[in-house]
Amino acid sequence: MVKVKQLGHVVLRVNDLNKSESFYREILGLSVTTRRPTGTMIFLSSRKDASHELALIQSESEINGDGSSAVSYTHLTLPTKA
């Protein structure tokens, strides 16, 4: 397994929130830090001192059931050196 040391901040819109969470936890070793109560967003991190480094947002197309693919990159910030 690849172990991510640090991300900046990445937000991805995904079709299947549960499968995406499994991938980032099991393959990259990220830990879930927070889940939105609505079940539409999960925050993950490789570090214990970060609220999150990766946010996964459930695609509206899956929520609405229209079957269209809406996987997309939302935004990214990179860490700065101290």
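This is a short tour of a predicted model, stop by stop, with something to select at each one.

**Stop 1: the whole chain**

Start with a cartoon view of everything. The protein chain has two helices and five strands, and from the N terminus on they follow the order β-α-β-β-β-α-β. Colour by burial if your viewer allows it: of the 82 residues, 35% count as buried. Now think about contacts with a separation of 6 or more: residues 24 or more positions apart account for 59% of them.

**Stop 2: strand β1 and its partner**

Select residues 9-14, which form strand β1. Is this strand mostly covered or mostly open? It is mostly covered, with five of its six residues buried. Add residues 54-58 to the selection to bring in strand β4, which pairs with β1 in the parallel sense over five bridges. To find your bearings between the two strands, show V10 and look across: L54 in β4 stands opposite.

**Stop 3: the nonpolar cores**

Keep β1 on screen and show the side chains of V10, L12, V14, L17, Y24, L28, L30, I42, L44, L54 and L56. These eleven residues make up the largest nonpolar core. Which elements each supply at least two of its residues? They are β1, α1 (17-26), β3 (41-45) and β4. Strand β1 gives the most, with three residues.

Next, pick a new colour and select V11, M41, F43 and A55. They are among the five residues of a second core, separate from the one you have just seen.

**Stop 4: helix α1, one side and the other**

Move to α1 and select L17, S20, E21 and Y24, the buried residues of this helix. Turn the view to look down the axis. These residues cover an arc of only 100 degrees around it, so they sit on the same side of α1. What do they pack against? The buried residues of α1 pack against β1, β2, β3 and β4.

Then swing round to the other side of α1, where N18, K19 and E26 are exposed. Click on N18, which lies in helix α1 and counts as exposed because its relative accessibility is 55%. If you would like to try the distance tool, go from the C-alpha of N18 to the C-alpha of L56: the two are 9.8 Å apart in space and 38 residues apart in sequence.

While you are at the start of α1, show D16 as well. One of its side-chain oxygens reaches to within 3.1 Å of the backbone nitrogen of N18.

**Stop 5: the salt bridges around E21**

How many salt bridges does the structure hold? There are two, and you can see both by selecting E21, R25 and R35, which are linked in a network of salt bridges.

Begin with R25 and E21, whose side chains meet in a salt bridge at 3.0 Å, N to O. Both residues lie in helix α1, four residues apart, which is about one turn of the helix. Their surroundings are worth a look too: R25 counts as partly exposed because its relative accessibility is 33%, whereas E21, at 7%, counts as buried.

Now follow E21 to R35. This salt bridge has its closest N and O atoms 2.8 Å apart. The pair links distant parts of the chain, with E21 in helix α1 and R35 in strand β2 (residues 31-35), 14 residues apart. The side chains of R35 and E21 are also joined by a polar contact of 2.8 Å.

**Stop 6: around R35**

Stay with R35 for the last stop and zoom in. Why does R35 count as partly exposed? Its relative accessibility is 45%, and partly exposed covers values between the buried limit of 20% and the exposed limit of 50%.

Which residues does R35 touch, leaving aside those up to four places away in sequence? Select E21, M41 and I42 to see them. Two of these you have met in the cores: I42 belongs to the largest one, and M41 to the second. To finish, set the distance tool from R35 to L56: their C-alpha atoms are 9.7 Å apart in space, and the residues are 21 apart in sequence.

How values were computed:
Residues are numbered from 1 along each chain as its sequence is written. This is a predicted model: local features need pLDDT of at least 70, side-chain atom pairs count only at pLDDT 80 or more; totals for chains, interfaces and linings use all residues. Side-chain values use heavy atoms; hydrogens and water are left out. Buried means under 20% relative accessible area, exposed over 50%, partly exposed in between (1.4 Å probe, protein chains only). Two strands pair if DSSP finds at least two bridges between them. A nonpolar core is a set of buried Ala, Val, Leu, Ile, Met, Phe, Trp, Tyr and Cys residues joined through side-chain atoms within 4.5 Å. A salt bridge is a side-chain nitrogen of Lys or Arg within 4 Å of a carboxyl oxygen of Asp or Glu. Contact means heavy atoms within 4.5 Å. A polar contact is a pair of N or O atoms within 3.5 Å; within protein, one must be able to donate a hydrogen and the other to accept it, and residues adjacent in sequence count only if both atoms are side-chain atoms. The arc is that of the directions from the helix axis to the C-beta atoms.
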